[in-house]
Structure formats: C-alpha cells, structure tokens
Amino acid sequence: QVQLVESGGGLVQAGGSLTLSCVASGGTVGTYALGWFRQAPGKERVFVAAKGWDSRTSYYADSVKGRFTTSKDNANNTGYLQMNDLTSADTAVYYCATKRWATAQTMALTNTRSRMDYWGKGTLVTVSS
C-alpha cells in the first residue's frame, strides 16, 4: 500500500516561511497529481494548492496565490509546499493527497475530494503573531 507522510509543520512567526514535504512510500508519484489541503479547527477541509501529474502545471487557491509554491520531485517520490509570508489565517493541519493522472485544477474540485487515491495524516502549521 502506498503511504503518504507529511512533515515540516511547526510553529512559525507571522511573515515567516515553512516548507512542507509529502513523501510517498511504496510507489512513485510520476503519474500522480499532488494536492495540498488544510483544515482549521471547526472548519471544513479546503483546497490549497496542487501540482498536476505532469509535474508542470500548478493551481492555487486565491488565498495563497503569490505566497505558496508547490512542486513535485518524481525521482524522490516527494511533493513540496513552500509557504512564504505566513499569517495567522494559515494556521491549520495541512494534508497532502494524490490522484493518478489528475490535472492540477481537477485536484481543486469538490467532487474530487472524496475520490483521492491516498491521503496523508496531516502536519500542523501554527502561525503566531
């Protein structure tokens, strides 16, 4: 079974940066889109960013455009979410998910949320002021 493990979360001051990693074990990510989602306490899980299966196209939620960058390293079976200029609104548990052959935009669709191939267990990002 493929297992996704996120890492890189932690406590960071507002204006700071963090880079999250999502390592896929038991398989390769070359044919999978890699998406990032987050969920704050009492809120629904929402889309953040995604890299398409082709590792070229990207799609971002409006709330993170210009601040977050997602990438995928197929050779190392790892996805990344680089987060800059963090604010308290970015505090949440961040999850990665994969779906074979999906485009970056497809990963943002609500009906895709329940059709992911794999989900990680999440990593907590806390932004303090």
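**Exercise 1. Find the accessibility class of K65 in this predicted model, then do likewise for its salt-bridge partner.**

Step 1. Start with K65: its relative accessible area is 48%. Partly exposed covers the range between the buried limit, under 20%, and the exposed limit, over 50%, so K65 is partly exposed.

Step 2. Now look for the partner. The side chain of K65 meets that of D62 in a salt bridge, with 3.0 Å from N to O.

Step 3. Classify D62. Its relative accessibility is 65%, so D62 counts as exposed.

**Exercise 2. Work out which residues are linked in a network of salt bridges, and where they lie.**

Step 1. Begin with the total: the model has 3 salt bridges. One of them is the pair D62 and K65 from the exercise above.

Step 2. Take D90 and R38. Their closest N and O atoms are 2.9 Å apart, and the two residues form a salt bridge. R38 belongs to strand β4 (residues 32–39), while D90 sits in the loop between β8 and β9, so this pair ties together parts that are 52 residues apart in sequence.

Step 3. Take R67 and D90. Here the side chains meet in a salt bridge at 2.8 Å, N to O. R67 is in the loop between β6 (58–60) and β7, and D90 is in the loop between β8 and β9, so the pair ties together parts that are 23 residues apart in sequence.

Step 4. Put the pairs together. D90 takes part in a bridge with R38 and in a bridge with R67; the network therefore links R38, R67 and D90.

Step 5. Check the surroundings of the network. D90 has a relative accessible area of 1% and is buried. R67, at 17%, is buried too, and R38 is also buried.

**Exercise 3. Inspect N77 and D85: what is the sign of phi at N77 and at D85, and how accessible are these residues?**

Step 1. Recall the background: most residues other than glycine have a negative phi.

Step 2. Read the angles. N77 is not a glycine, and its phi is positive, about 50°. D85 is not a glycine either, and its phi is also positive, at about 50°.

Step 3. Locate them. N77 is placed in the loop between β7 (68–73) and β8 (78–83). D85 is found in the loop between β8 and β9 (92–100).

Step 4. Compare accessibility. N77 has a relative accessibility of 15% and counts as buried, whereas D85, with 46%, is partly exposed.

Notes. Residues are numbered from 1 along each chain as its sequence is written. This is a predicted model: local features need pLDDT of at least 70, side-chain atom pairs count only at pLDDT 80 or more; totals for chains, interfaces and linings use all residues. Side-chain values use heavy atoms; hydrogens and water are left out. Helices (H or I, at least four residues) and strands (E, at least two) are DSSP runs, numbered from the N terminus. Buried means under 20% relative accessible area, exposed over 50%, partly exposed in between (1.4 Å probe, protein chains only). A salt bridge is a side-chain nitrogen of Lys or Arg within 4 Å of a carboxyl oxygen of Asp or Glu.
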